[in-house]
Amino acid sequence: MLPRKTLPLFLVLLAMSAVAQQDYSKVEIKATQVSGNVYMLEGAGGNIGVCVGPDGILIVDDQFAPLADKITAALAQLNPGKLKYVVNTHHHGDHTGGNAAFATRDATIIAHSNVRVNIAKDPKAPAAALPVITFTNGASLFYNGEEITATFYGPAHTNGDSVIRFTKANVIHMGDQMMTDRFPYIDFSNGGDLDGLIANWKTIIASAPADVKLIPGHGRLATLDDLKAALAVVEESAAGIRKGMAEGKTLEQLKAEGLPEKFKSWGSGFINPHRWIETIYNQSHKDVPKV
Ligand SMILES: [Zn+2]
Ligand SMILES: [Zn+2]
């Protein structure tokens with residue numbers, strides 16, 4: 001096996017310093033009604049999905065620990081009930097940072113089994129941050145008159161991504177399998193897989209109702225058409241990069257050439273054109289037997 005391609009160290013440090021420098025006291029939590037009793041909260045970190053009703057509150061992802069009080073205050077504006085469940089879409093800290101705080105306040109954390117495994121690898125993670133109910137393929141939760149399903153379609157952004165669907169409200173929380181209008185991020189060091197992500201997108205496009213609303217991990221509220229647009233951009237841009245690789249171009253040459261202008265806005269987020277080219281390159285070089 002070739003050495004596993006991981007996120008370059010500078011990227012990790014960049015992400016860590018961004019977290020370290022974030023002044024959470026200035027973050028405002030904004031709530032948007034998505035459909036029926038389902039809301040989206042935006043603050044810092046991943047978008048939070050919220051289901052409110054007579055049974056109380058369930059949230060999907062919980063951003064960063066220092067925001068727990070602000071998130072609690074925002075939830076109180078939506079519903080007087082207790083926060084009973086937190087479902088994690090995956091293990092990254094911008095989606096699970098609040099786990100320990102909410103678990104301490106009696107919420108039950110639910111996630112794919114690899115989310116628990118991945119959080120447990122962090123020696124600094126408190127035990128309360130670990131999901132206490134885990135699943136491997138999927139689970140259904142009946143709450144507030146909703147059937148809320150968590151489905152693992154296979155490794156994509158990480159090795160433990162779930163898509164959370166609110167069946168009655170017709171809303172899907174995509175986690176970081178979707179960042180609206182931006183190239184996706186594949187965390188190869190945690191079992192991510194671009195081909196898996198593309199396969200998952202195709203499954204969702206083929207099976208979800210046409211008018212479903214999508215809460216992305218990051219970015220604006222989206223539709224199935226937005227996901228179809230992302231699929232087209234990912235496939236077309238990847239084909240161009242792979243063509244260059246087939247012609248024998250090195251990673252440095254590919255980066256120097258960059259991407260066609262029409263993909264510019266897709267590379268304006270965390271995954272800029274160079275990181276996107278690296279993603280395609282790393283995907284093609286992972287798990288290749290050493291000769
Ligand atoms: Zn994220
Ligand atoms: Zn993530």
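**View 1. Gln63 sits in a loop and is buried.** In this predicted model, Gln63 counts as buried because 27 other C-beta atoms lie within 10 Å of its own, and a residue needs 20 or more for that label. You'll find Gln63 in the loop that runs between strand 4 and helix 2. Its backbone is worth a look too: Gln63 is not a glycine, yet its phi is positive, at about 55°.

**View 2. Asp61 is another residue of the loop between strand 4 and helix 2.** Is Asp61 buried or exposed? It's buried, since 29 other C-beta atoms lie within 10 Å. The phi of Asp61 is positive as well, near 75°, and here again the residue is something other than glycine.

**View 3. Asn99 belongs to helix 4, which covers residues 99-104.** Asn99 has 28 C-beta neighbours inside 10 Å, so it counts as buried. Which residues does Asn99 touch, leaving out those up to four places away in sequence? They are Asp62, Val86, Ile109 and Ala129. Take Ala129: 30 residues separate it from Asn99 in sequence, but their C-alpha atoms are just 4.7 Å apart in space.

**View 4. Seven strands line up in an open sheet.** Their order is easy to remember, 1-2-3-4-5-6-7, and the pairing is mixed. Strand 1 (30-35) and strand 7 (133-135) stand at the edges; each has a single partner strand, so one side of each has no neighbour in the sheet. On average, and ignoring direction, neighbouring strands here are turned by 20° against each other.

**View 5. Strands 3 and 4 pair up, with helices packed on their sheet.** Strand 3 (residues 48-53) and strand 4 (residues 56-60) are antiparallel partners, joined over five bridges. To pick out one pair, start at Val52: its bridge partner in strand 4 is Ile57. Helix 2 (residues 68-78) packs on the sheet and touches strand 1, strand 2 (38-42), strand 3, strand 4 and strand 5 (83-87). The direction of helix 2 makes about 40° with that of strand 3. Helix 5 (residues 113-120) packs on the sheet too, touching strand 6 (108-112) and strand 7. What angle does the direction of helix 5 make with that of strand 6? About 105°.

**View 6. Val50 is one of the well-connected members of the largest nonpolar core.** That core has 70 residues, and Val38, Val50, Ile59 and Val87 are the ones that touch the most other members. Around Val50, setting aside residues up to four places away in sequence, the contacts are Val38, Tyr39, Leu41, Ile57, Ile59, Leu75 and Leu78. Two names on that list, Val38 and Ile59, are also among the residues that touch the most other core members.

**View 7. A second group of strands forms an open sheet of six.** Reading across this sheet, the order is 8-9-10-11-12-13, with mixed pairing. Strand 8 (138-143) and strand 13 (222-223) are the edge strands, and each of them pairs on one side only.

**View 8. Strand 12 is largely enclosed by the rest of the structure.** Why is strand 12 (residues 213-218) described that way? Because five of its six residues are buried. Strand 11 (residues 171-179) runs parallel to strand 12, and five bridges join the two. Val171 stands opposite Lys213 in strand 12, while Met179 stands opposite His218.

**View 9. Stepping back, here is the chain around those close-ups.** Altogether, the secondary structure comes to nine helices and 13 strands. The C-alpha atoms fill a box of roughly 60 × 45 × 35 Å along the principal axes. For 291 residues, a compact globule would have a radius of gyration near 19 Å, and the chain agrees because its own value is 19 Å. Buried residues make up 44% of the chain. Of the contacts with a separation of 6 or more, 62% come from residues 24 or more positions apart.

**View 10. How confident is the predictor along the chain?** The mean pLDDT is 93, and 91% of the residues reach 70 or more. Residues 1-6 are a stretch to read with that score in view: there the pLDDT is below 50, and the stretch has 14 contacts in the model beyond near neighbours in sequence.

Conventions
Residues are numbered from 1 along each chain as its sequence is written. Chains are lettered from A and ligands numbered from 1 in the order in which they are written. This is a predicted model: local features need pLDDT of at least 70, side-chain atom pairs count only at pLDDT 80 or more; totals for chains, interfaces and linings use all residues. Helices (H or I, at least four residues) and strands (E, at least two) are DSSP runs, numbered from the N terminus. The radius of gyration is taken over C-alpha atoms; the globule rule is 2.2 Å times the number of residues to the power 0.38. A residue is buried if 20 or more other C-beta atoms lie within 10 Å of its own, exposed if 12 or fewer, and partly exposed in between; C-beta atoms are placed from the backbone. Two residues are in contact if their C-beta atoms, placed from the backbone, lie within 7 Å. pLDDT is the predictor's confidence in each residue, from 0 to 100. A nonpolar core is a set of buried Ala, Val, Leu, Ile, Met, Phe, Trp, Tyr and Cys residues joined through C-beta atoms within 7 Å. Two strands pair if DSSP finds at least two bridges between them. Axes are lines fitted to C-alpha atoms, for helices over the stretch in contact, and angles run from 0 to 180 degrees between N-to-C directions.
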